[in-house]
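Dear colleague,

I am passing on a structure for your files, together with a short account of what was found in it. Please look at the sequence and the model below before reading on.

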Amino acid sequence: MKTGLLWYDNDPQRRIEEKIRRAAQRYQEKFGRAPDICYVNPAMLAQVQEPVSHLQVVGKPNILPHHFLVGVADKGS
């Protein structure tokens, strides 16, 4: 990922899928294209109950809880 958007959302009333969708929507507004990957803290992966649009959700230990790093995956990674 060359350009990403780090989104923070700790609202307990909002499902994780909605948080990811909101982050993806903001990325598209800011950069003019839809993201295809979202990195989250591995502990948050269990909360994902359904697919989120066209996004691949990946756990990365360097992402803090309640943070979502969305962007376009590098080819070959």
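Y27 is buried, because its relative accessibility is 3% and the limit for a buried residue is under 20%. Please note that the model is a predicted one. Y27 takes part in an aromatic pair with F31, with the ring centres 4.7 Å apart. The two planes stand at 45 degrees to each other, and the pair is classed as tilted. A search of the whole structure finds 1 such aromatic pair. Both Y27 and F31 belong to helix 1, where they are 4 residues apart, or about one turn of the helix. F31, unlike the buried Y27, is partly exposed, with a relative accessible area of 33%.

The overall arrangement may help you to place these residues. The chain contains 1 helix and 4 strands, and their order along the sequence is β-α-β-β-β. For 77 residues, a compact globule would have a radius of gyration near 11 Å, and the chain agrees with this at 11 Å. Its C-alpha atoms fill a box of roughly 30 × 25 × 20 Å along the principal axes. Of the 77 residues in the chain, 31% are buried. Among contacts between residues at least 6 apart in sequence, 62% join residues at least 24 apart.

Helix 1, which spans residues 16-31, also holds E29 and R26, 3 residues apart and thus about one turn of the helix. Their side chains meet in a salt bridge, with 3.7 Å from N to O. E29 is exposed, at a relative accessible area of 53%, whereas R26 is partly exposed at 34%. Elsewhere, D9, D11 and R14 are joined into one network by salt bridges that share partners. Within that network, the closest N and O atoms of D11 and R14 are 3.5 Å apart. D11 is partly exposed, with a relative accessible area of 24%, and R14 is also partly exposed, at 24%.

A further salt bridge links R15 and E17, at 3.2 Å from N to O. What is the accessibility of E17? E17 is buried, with a relative accessible area of 1%, while its partner R15 is partly exposed at 45%. In total, the structure has 6 salt bridges.

The next residue to consider is N41. N41 is found in the loop between strand 2 (37-40) and strand 3 (56-59). Although it lies in a loop, N41 is buried, with a relative accessible area of 13%. Which backbone atoms does the side chain of N41 approach? The side chain of N41 reaches the backbone nitrogen of A43 at 3.0 Å, and one of its polar atoms lies 2.8 Å from the backbone oxygen of I63. Leaving aside neighbours within four places in sequence, N41 is in contact with K60, P61, I63, L64 and P65.

K60, one of those contacts of N41, has a further placement to report. K60 lies over the face of Y39, at 5.3 Å from the ring centre.

With kind regards

Conventions. Residues are numbered from 1 along each chain as its sequence is written. This is a predicted model: local features need pLDDT of at least 70, side-chain atom pairs count only at pLDDT 80 or more; totals for chains, interfaces and linings use all residues. Side-chain values use heavy atoms; hydrogens and water are left out. A salt bridge is a side-chain nitrogen of Lys or Arg within 4 Å of a carboxyl oxygen of Asp or Glu. Buried means under 20% relative accessible area, exposed over 50%, partly exposed in between (1.4 Å probe, protein chains only). Helices (H or I, at least four residues) and strands (E, at least two) are DSSP runs, numbered from the N terminus. Rings of Phe, Tyr and Trp (its six-membered ring) pair if their centres lie within 6.5 Å; planes under 30 degrees apart count as stacked, over 60 as edge-to-face and the rest as tilted. A charge sits over a ring if NZ of Lys or CZ of Arg is within 6 Å of the ring centre and within 35 degrees of the ring normal. A polar contact is a pair of N or O atoms within 3.5 Å; within protein, one must be able to donate a hydrogen and the other to accept it, and residues adjacent in sequence count only if both atoms are side-chain atoms. Contact means heavy atoms within 4.5 Å. The radius of gyration is taken over C-alpha atoms; the globule rule is 2.2 Å times the number of residues to the power 0.38.
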